[in-house]
Amino acid sequence: MNISIESKYKKALLKHLDIERELQSLPHGYISKKVIHGKTQYYLQRRVGKRIIGKYIPDAEVETVKKGLLRRTALREELLGVNARISELESASRLIDTSVYNKLLLLKACVPMEHLTSEERYKASSFAGAMNAVEGVHSTTETQSAIRKWIAGEVSFLSVYENTLKRYGFPVKGR
């Protein structure tokens, strides 16, 4: 049963990430129609702080922008359901066993890292390395090697994370 909850939870997290990524690529705001010098023009407008900003939409792109806005609305609604499912699984896992809940928290921390492209993985590890250097914390050769393997897609981030936690004496339960 625990594996089933973990599997469903991971699937929901991945769906959440897929939706978020697609939302980033879609237009947001609303289309306004203005008549300027007797010619109808369309603008994609949205609020940024207290200001409303607009961007001209060429006639040939109006339908594509409309479809993108409709897709955004559908995805936002779907995201609500996915987030509700994630919460349900977390609540159920707490009732079953705290080690299952702890495993879900590990997944929640690690699944987004698995979703990164190799370029994003490289940037994330470079940033982490820079922050560690600033703090005076140096990772072991073993950890550096594991991170390189994760960047290359040879191992999962979860395995790197769990092994690092274990190496430093943190208990990793739920396996």
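**Glu 90: does this residue count as buried or exposed, and at what relative accessibility?** Glu 90 counts as buried, at 9% relative accessibility (buried is under 20% relative accessible area, exposed over 50%, partly exposed in between, with a 1.4 Å probe and protein chains only). The model shown here is predicted, so local features need pLDDT of at least 70 and side-chain atom pairs count only at pLDDT 80 or more, while totals for chains, interfaces and linings use all residues. Residues are numbered from 1 along each chain as its sequence is written, and side-chain values use heavy atoms, with hydrogens and water left out. The close-up places Glu 90 in helix α2 (helices are DSSP runs of H or I with at least four residues, strands are runs of E with at least two, numbered from the N terminus). Once residues up to four places away in sequence are set aside, Glu 90 touches Tyr 9, Tyr 101, Leu 104 and Lys 108 (contact means heavy atoms within 4.5 Å). If you would like a distance to check, the C-alpha atoms of Glu 90 and Ile 151 lie 29 Å apart, with their positions 61 residues apart in sequence.

**The whole chain, before we zoom in further.** Six helices and three strands make up the secondary structure of the protein, in the order α-β-β-β-α-α-α-α-α along the sequence. The radius of gyration is 22 Å, well over the 16 Å from the globule rule for 175 residues, so the protein is more spread out than a compact globule (C-alpha atoms are used, and the rule is 2.2 Å times the number of residues to the power 0.38). Its C-alpha trace spans about 75 × 40 × 30 Å along the principal axes. Of the 175 residues, 27% count as buried. Among contacts with a separation of 6 or more, 58% join residues 24 or more positions apart.

**The largest nonpolar core, with Leu 13 as a way in.** This core holds 25 residues, and those with the most contacts inside it are Tyr 9, Leu 13, Ile 19, Ile 86 and Leu 107 (a nonpolar core joins buried Ala, Val, Leu, Ile, Met, Phe, Trp, Tyr and Cys residues through side-chain atoms within 4.5 Å). At least two residues of this core come from each of α1 (2–25), α2 (62–96), α3 (98–114), α5 (141–151) and α6 (157–167). Helix α1 gives the most, with seven residues. Leu 13 touches Ile 86, Leu 107, Lys 108 and Val 111, leaving out residues up to four places away in sequence. Apart from this core lies another, of five residues, including Leu 44, Val 62, Val 65 and Leu 69.

**Ser 32 in strand β1.** Here we look at Ser 32, which is found in strand β1. With a relative accessible area of 12%, Ser 32 is buried. Its partners in contact, leaving aside neighbours within four places in sequence, are Gln 41, Tyr 42, Tyr 43 and Gln 45. The C-alpha atom of Ser 32 is separated by 6.4 Å from that of Leu 44, 12 residues away along the chain.

**His 37 in the loop between β1 and β2.** This loop runs between β1 (30–36) and β2 (39–48), and His 37 has its place there. The phi of His 37 is near 55°, a positive value in a residue other than glycine. At 81% relative accessibility, His 37 counts as exposed.

**Ile 53 in strand β3.** Strand β3 covers residues 51–57 and includes Ile 53. A relative accessible area of 29% makes Ile 53 partly exposed. Beyond its neighbours within four places in sequence, Ile 53 is in contact with Leu 44, Gln 45, Arg 46 and Val 48. Between Ile 53 and Tyr 43, 10 residues apart in sequence, the C-alpha to C-alpha distance is 9.4 Å.

**Helix α6 and the residue that follows.** The buried residues of α6 are Phe 157, Leu 158, Val 160 and Glu 162. Their cover includes α3 and α5. Helix α6 also belongs to the set that each supply at least two residues to the largest nonpolar core. Just after α6 comes Gly 169, with a positive phi of about 85°.
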